[in-house]
Amino acid sequence: MNRKMSGGYKTFNAFNILFLSILGLVMFLPFLNVIAQSFSSSAAITSGKVTFWPIEFTLINYEYVFSDASIWRSFAVSVFITAAGTLVNLVATATLAYPVSRQEYVGRRIVVLLVLVTMIFSAPLIPNFILIKNLHLMNTPWALILPGAISAFNFFVMHSFFKQLPAEVIDSARIDGCGELRIMTSMVVPLSKPVMASLGIFYAVGHWNAYMSALYYIDQPKWWPLQVKLKKMFETDDISIDPGASQFSDLAFTSPEGIKMATIIIATLPIILIYPFLQRHFVKGLTLGAVKS
């Protein structure tokens, strides 16, 4: 019986590996095509010869992107929104989740209920727009950071994680004379690296991919994040020529697709490169935060 179960398990496991490998490959192929086009010549892209391998290998598309100051300006805006936004998100979420996770704080259930309401019911676009305008946040990166300072879902994950921290450790710190802020910064946060890393990835990816909110609240090109810049590039085949990239004027009109693909690769790489450094905390943080509710 055990042998049959062992054999069945091996077969099932092999099927899972095969199925997930094929699924992963299917998902990776479009990205591979984007990479191939970014390194291909304009003639090869226009004729449709490029599939999953560069044709007539060239770096001209990346040379254009690296020389276009407007793209790098949008890149810098996205980096600022992602870095500042993730920091604000983690600080705001932690400072709300920690107090309501401790049994000694009065009114914690009301706070949790209010957060739950925001998770179920969200404000419509027009009230949000009026609020952002009245706060004078229009055409500033803060319009993409402050309104979503706390995600309800991430709050509940962090709240569940904090509830599992030993109460004895926190009580001993209070006996030693530590204030709540000192306990938070010196004990709670260091013990919460897994969940901080996991939610940091969620927040960072959300900020890096910010698109619709940027379209709503930012109409000045100098404050466009990279995703909006990409959208503007894809609206037309005529790539705008930045003064710093004027030597590529012919390329911009003959090979816009190659330039777009190169920009997509540059826009995707930062998150791909950051994830491996936080991967070891990722699964652990979500698992520990989901044990209790």
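How many residues apart are Y62 and F66 in helix α3, and what does this make of their separation in helical turns? The two lie 4 residues apart in helix α3 (residues 60-67), which places about one helical turn between them. The model in which they occur is predicted. Its protein chain holds 14 helices and 0 strands, and buried residues account for 37% of the 293 residues. The points below treat the fold, the aromatic residues, two helices, the nonpolar core, the open and closed spaces, and one loop residue.

**Overall fold**

- Along the sequence, the pattern of the protein chain reads α-α-α-α-α-α-α-α-α-α-α-α-α-α.
- The count of strands in the protein chain is 0, against 14 helices.

**Aromatic residues**

- Across the whole structure, a search yields 14 aromatic pairs.
- One of these is the pair of Y62 and F66, which is tilted, with 6.4 Å from centre to centre and 40 degrees between the planes.
- The angle counts as tilted because stacked planes are under 30 degrees apart and edge-to-face planes over 60.
- An α-helix has 3.6 residues a turn, so residues three or four places apart point the same way.
- Y62 is buried, as its relative accessible area is 9%, whereas F66 counts as partly exposed at 48% relative accessibility.
- Y62 and F66 also belong to one aromatic cluster, together with F39, F57, W72, F75 and W208.

**Helix α7**

- Helix α7 covers residues 152-163, and its 12 residues should span 16 Å at 1.5 Å a residue; the end C-alpha atoms are 16 Å apart, in agreement with that expectation.
- The helix is mostly covered, with 9 of its 12 residues buried.
- Among the buried residues of α7 are the aromatic residues F155, F161 and F162.
- The buried set of α7 also includes A152, N154, V157, M158, H159 and S160.

**Helix α10**

- The 16 residues of α10 should span 22 Å at 1.5 Å a residue, and the end C-alpha atoms are indeed 22 Å apart.
- Because 12 of these 16 residues are buried, α10 is largely enclosed by the rest of the structure.
- The buried residues of α10 include P194, V195, M196, A197, S198 and L199.
- G200, I201, Y203, A204, H207 and W208 are likewise among the buried residues of α10.
- W208, one of the buried residues of α10, is also a member of the aromatic cluster that contains Y62 and F66.

**Largest nonpolar core**

- The largest nonpolar core has 22 residues, and Y98, M158, F162, V188 and L199 touch the most other members.
- At least two residues of this core come from each of α4 (69-101), α7, α8, α9 and α10.
- The greatest contribution to this core is that of α7, with 6 residues.
- M158 and F162, named among the residues of the core that touch the most other members, are buried residues of α7.
- L199, also named in that group, is a buried residue of α10.

**Largest pocket**

- The volume of the largest pocket is about 780 Å³.
- Its lining comprises 26 residues, and L144, P147, G148, I150 and S151 lie nearest the centre of the pocket.
- Each of α5 (108-120), α6 (125-134), α10 (193-208) and α11 (212-217) supplies at least two residues of this lining.
- The largest share of the lining, 4 residues, is from α10.
- By residue class, the lining of the largest pocket divides into 17 nonpolar, 9 polar and no charged residues.

**Largest cavity**

- The structure contains 1 cavity of 30 Å³ or more.
- The space in the largest cavity is about 40 Å³.
- The residues that line the largest cavity are L165, P166, V169, I170, M187, V188 and L191.
- Helices α8 (167-175) and α9 (180-191) each provide at least two residues of the lining, and α9 has the largest share, with 3 residues.
- The lining divides into 7 nonpolar, no polar and no charged residues.
- V188 lines the largest cavity and is also among the residues of the largest nonpolar core that touch the most other members.

**Loop residue E56**

- E56 is placed in the loop between α2 (42-46) and α3.
- With a relative accessibility of 48%, E56 counts as partly exposed.
- S40 is 16 residues from E56 along the chain, and 5.5 Å separates the C-alpha atoms of the two residues.

Notes. Residues are numbered from 1 along each chain as its sequence is written. This is a predicted model: local features need pLDDT of at least 70, side-chain atom pairs count only at pLDDT 80 or more; totals for chains, interfaces and linings use all residues. Side-chain values use heavy atoms; hydrogens and water are left out. On a 1 Å grid over the protein atoms alone, a cavity is a set of points where a 1.4 Å probe fits but cannot get out, and a pocket is an open set with protein on both sides within 12 Å along at least five of seven lines; lining residues have an atom within 4 Å of a point. Grid points are joined across faces, edges and corners, and a volume is the space filled by probe spheres set on the points. Ala, Val, Leu, Ile, Met, Phe, Trp, Tyr, Cys and Pro count as nonpolar, Asp, Glu, Lys and Arg as charged, and the others, Gly among them, as polar. The expected span of a helix is 1.5 Å times one less than its number of residues. Buried means under 20% relative accessible area, exposed over 50%, partly exposed in between (1.4 Å probe, protein chains only). Rings of Phe, Tyr and Trp (its six-membered ring) pair if their centres lie within 6.5 Å; planes under 30 degrees apart count as stacked, over 60 as edge-to-face and the rest as tilted. A nonpolar core is a set of buried Ala, Val, Leu, Ile, Met, Phe, Trp, Tyr and Cys residues joined through side-chain atoms within 4.5 Å.
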